[in-house]
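Let us look at one model together, and ask of each label what has to be true before it may be used.

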Amino acid sequence: MSHEIEFAYIGVEVSNPDALDHMLTGVVGLLPGGTTIEGLRTYRNDECSRRVFVQEGPLDDCSVLGFEASSTEAFENVATRLGAAGFDLSEGDDALSAERGVARIAYGKSPWRLRVELVQDLAREPTPFFSPLVKGGFQTSGVGAGHTALAVTSFEDSERFLLDGLGMIQSDWIETEIMDGIELEVRFYHCNSRHHSIALAKLPFDLGKSLHHFQVETNERDDVGLAFDRAWAAGCELANGLGVHDNEGAFSFYATSPAGFLIEVGYGTKRISEPWDGNRRYDRISRWGHQPIPRA
Ligand SMILES: [Fe+2]
């Protein structure tokens, strides 16, 4: 499937980078990607040198999302559309490109409490990716690093940014009632054959944080179970145990990171085909499972 962009990287600012480091490497199975010029720790889940940037600070939330354009033409198209939608980008300098490990970068504000960066040519390692903990590796080729789910109180500005600007397409949506009669609507958006690169969860109140979770997808089903076992053994808080999502069909679980946001490890997400005719309403998040797991 031809596409203009992939989800390239996520940057988070957390108060305890050491604790998150243990979770990302020892539980999720990411590889350390080295430290940037400005001292940020990085992690990777494929041959790309940097897929996760971790900065120390009080935010405990996502600070930046990066999208990689597939060509110079795609870069220009996306930047132009974002400007027309009211989200002008500024061209980054060589120092910023070096910090992110990209050939070209432009950056701007998003409708959320985080910055968005449009980049070209992520740096890649010369040797194949191999995680000793996730021997089957992660699914990223042509679909980006994974997905993120953000909390919003309205879809309006977000959809102008995602649909009109980035050129994403809605995959499907969920409307359901969560605890205490609170209505939840989650919309899912794709920019390549990954079912969604971004999901927006609309709640009737402001959570005070943007990032609900970010997800990485394994190539092998057993690697999800093995990650769950590692999370269990490490004493991680398990926000949602193993389960299968109804709309995207992914087998996954969610562990709560030391920063409060969740990390989802999944397998078997539905792929987008063209033309996409699956944009419909679902009324439940999961076919089964994803129960909160109490820890003693
Ligand atoms: Fe997810």
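Q: What makes β10 and β11 a hairpin, and which residue in the turn has a positive phi?
A: This is a predicted model, in which local features need pLDDT of at least 70, side-chain atom pairs count only at pLDDT 80 or more, and totals for chains, interfaces and linings use all residues. Residues are numbered from 1 along each chain as its sequence is written. β10 and β11 form a hairpin with three residues between them, and aspartate 180 in the turn has a positive phi of about 60°.

Q: How do you know that β10 and β11 pair?
A: Strands (E, at least two residues) and helices (H or I, at least four) are DSSP runs, numbered from the N terminus, and two strands pair if DSSP finds at least two bridges between them. Nine bridges join β10 (residues 169-178) to β11, and the two run antiparallel, so the definition of a pair is met. Within β11, glutamate 183 is the bridge partner of glutamate 177.

Q: Which residues of helix α4 are called buried?
A: A residue is buried if 20 or more other C-beta atoms, placed from the backbone, lie within 10 Å of its own, exposed if 12 or fewer, and partly exposed in between. In α4 (residues 156-165), Ser158, Phe161, Leu162 and Gly165 are buried.

Q: Why are these buried residues said to line one face of α4?
A: The arc is that of the directions from the helix axis to the C-beta atoms, and seen down the axis of α4 the buried residues fall within an arc of 115°, so they line one face.
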